[in-house]
Amino acid sequence: MKKKSQHEQSGEKFKWLQIEILVVFAVIIMIVIFFLDYIILINSKRAMEKNASNLISANSRQIQLNINSYLERMETIPTLLFSDESYYLYDATDETVEEYQKVKMEESIQERIVDIGLMENYSDFGIVYSNEDTVGWISHGTEDIFPEGGMYETFSGYVSDNKKADGWCFDVNGCTDRIYYIKRLNPNAVLESATYTRELSQVFVYPEELEGMTIRLVDENDEIIYSSDDTEIGQALPSEISDELMKSGDDKSGAPGEYDKSIISAKYIINTNECSNGWKVICSVPTEIILRDNNSMRSFILKVSLGVAVFFVLAGLALILKIYRPMGDVVESLQKSAEFDKLSGVMNKAAFQDEVEVKLSAKNENDISILVMIDVDNFKQVNDKLGHSHGDQVIIRTGEILKKVFNADTIIGRLGGDEFASYSEVKISDNETDEKEYRESREGMIAIAREQLVKLRTEFDREFKEEKSKCSISLSTGVYITDKYSGAKENFKLIYDKADKALYNSKRTGKSKDTVYEEE
């Protein structure tokens, strides 16, 4: 894998920084927008559920009042029989009463019952005695559910309120089209009155605002007496409704009215109200129907939010790109400042080493690399005789000479003090070459390198005539040219050490020389 330079790495880091900023910006925008959407939708959902629950509760309460009024009327009418004690004290089972008196008394009671019974749409209104005799009208529908008798015993069993001596019942022996009101007259007689369950439709209220609401009237056993869904009458309360009631603490115990409650669950909004006789009005609406508009609004809000998020992300991208251009120039300028030696204008040692390492890692084995170490001889005398500021000028002008002599593909660096270096590559061939061809190419490159160094020294001597005269400054170089047959794996340290040895030999043997490193 090709090794990247510090400049390339820094550029990529800055590019990735932009991407990270954009991603973080997009994520933050999305989180904020969708969090606000969540708050809005949750509050909207709760408001819709609460409003629906209040409306259902008001409707259920009204139905409860209507049913209580209806039941109270059904209970009040039979009390008219108590206007004359002879009506309610008469006992058809009393054998001491003469037959003629019985007939007269029952005719009198019959007339009174007819007068009272005409006040409402009764299906039954009569007295049942313990000997199964009856006075008044008992419908065939009621008689048919007692084919073997037992009417008195059955109805007596429904007298549950000892204080009022009465009670209500439904689904008597499987009859679900009537509701019965039983009132005890004396120890051997009960009044049985009945109305059709369909008569309850007049007391049920259906608000137009609550689409999909089901209204039910259930007895103490949760059997449906009446429902807005006719198919449910006589059946048990649906399990999904009864389960919600059980979760809310409906344990079928407590005083009348204790069942009045509102329930908002994931599936249903339910309201229950207990009637005066213990029956319950249960109104329920599937939550999804109530939240249908909210779901539509949620879809709309999410689409708008997505559009807003995309807009902000694009705006952020545009802003980042706008900032990036000048920032990129600043970063590149800072990068160059960090890579280049401020005095000489060429690369500093760290950047030079990094660039050479990159070149070496990507080099083909047939390519020839040339590293030249360059040292200003007697530079210390410039500082001592002409001053450090003059010495700095020598470094500056040396850097300019190097950039002038070497081509743009040559990497030039100042390794410290008065020591410089250059690195260049020459591509021989991508194809394999034999050793003779390679050696000839290498010798040719050495000759070219020497010519270039002669030119460098000529330019140096021309530039520094005064300094050469006063301080005897000159250039010494050490050259290393790669050899693929040397058996050494090239890296910066290896070629630097070898070029440095060659430079040392140039300085040791008289200075102002060019020495090419040769393998021992």
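In which sense do strand 9 and strand 10 (residues 280-286) pair, and over how many bridges? The two strands pair in the antiparallel sense, over 7 bridges. The legends below start with an overview of the predicted model and then turn to single regions.

**Figure 1. Overview of the predicted chain.**
The chain holds 14 helices and 15 strands. Of its 520 residues, 45% are buried. Its accessible surface amounts to about 27700 Å², and carbon and sulfur atoms account for 52% of that area. Taking contacts between residues at least 6 apart in sequence, 64% join residues at least 24 apart.

**Figure 2. Confidence along the chain.**
Mean pLDDT is 83 for the chain, with 89% of the residues at 70 or more. Confidence is highest in helix 5 (residues 151-156), where the mean is 94, and lowest in helix 8 (residues 292-339), where the mean is 67. Over residues 251-257 the pLDDT stays under 50. For residues 251-257 the model has 9 contacts beyond four places in sequence.

**Figure 3. Strand 9 and its two hairpin partners.**
Strand 9 (residues 268-274) is largely enclosed by the rest of the structure, because 7 of its 7 residues are buried. The burial extends to both faces of strand 9. On one side are Tyr268, Ile270, Thr272 and Glu274, and on the other Ile269, Asn271 and Asn273. Strand 8 (residues 261-264) pairs with strand 9 in the antiparallel sense over 4 bridges, and a hairpin of 3 residues joins strand 8 to strand 9. In this pair, lysine 261 stands opposite threonine 272. Strand 9 also forms a hairpin with strand 10, with 5 residues between them. Glycine 278, in the turn of that hairpin, has a positive phi of about 95°. Glutamate 274 of strand 9 stands opposite lysine 280 of strand 10.

**Figure 4. Asparagine 59 in helix 1.**
Is asparagine 59 buried or exposed? Its relative accessible area is 6%, under the 20% cut-off, so asparagine 59 counts as buried. The residue is found in helix 1 (residues 6-76). Neighbours within four places in sequence aside, asparagine 59 is in contact with Val205, Tyr206, Pro207, Met213, Ile215 and Cys283.

**Figure 5. The open antiparallel sheet with strand order 2-1-5-4-3.**
This sheet is made of 5 strands, and their pairing is antiparallel. Strand 2 (134-137) and strand 3 (166-172) are the edge strands, each pairing on one side only. On average, neighbouring strands of the sheet are turned by 20° against each other, direction ignored. Strand 1 (residues 124-129) and strand 2 run antiparallel and are joined by 4 bridges. Across this pair, phenylalanine 125 stands opposite tryptophan 137 in strand 2. Helix 3 (residues 99-117) packs on the sheet and touches strand 1 and strand 2. The direction of helix 3 makes about 30° with that of strand 2.

**Figure 6. The open sheet with strand order 12-13-11-14-15.**
Pairing in this sheet of 5 strands is mixed. Its edge strands are strand 12 (411-416) and strand 15 (514-516), each of which pairs on one side only. Neighbouring strands here are turned by 20° against each other on average, with direction ignored. Strand 11 (residues 368-377) and strand 13 (residues 419-426) run antiparallel and are joined by 8 bridges. Isoleucine 368 stands opposite valine 426 in strand 13. Helix 14 (residues 492-508) lies across strand 11, strand 12, strand 13, strand 14 (474-481) and strand 15. With strand 14, helix 14 makes an angle of about 140°.

**Figure 7. Crossing of helix 10 and helix 11.**
Two packed helices are described by the angle between their axes and the distance between the axes. The axes of helix 10 (residues 379-386) and helix 11 (residues 388-405) cross at roughly 140° and come within 6 Å. Helix 10 is therefore oblique to helix 11. Helix 10 contributes Phe379, Val382, Asn383 and Leu386 to the meeting of the two helices. These residues meet His388, His390, Gly391, Val394 and Ile395 in helix 11.

Notes:
Residues are numbered from 1 along each chain as its sequence is written. This is a predicted model: local features need pLDDT of at least 70, side-chain atom pairs count only at pLDDT 80 or more; totals for chains, interfaces and linings use all residues. Side-chain values use heavy atoms; hydrogens and water are left out. Buried means under 20% relative accessible area, exposed over 50%, partly exposed in between (1.4 Å probe, protein chains only). Contact means heavy atoms within 4.5 Å. Accessible areas come from the Shrake-Rupley method with a 1.4 Å probe; for residues, only the protein chains shown count as cover. pLDDT is the predictor's confidence in each residue, from 0 to 100. Two strands pair if DSSP finds at least two bridges between them. Axes are lines fitted to C-alpha atoms, for helices over the stretch in contact, and angles run from 0 to 180 degrees between N-to-C directions. Angles under 35 degrees count as roughly parallel, over 145 as roughly antiparallel, 65 to 115 as roughly perpendicular and the rest as oblique.
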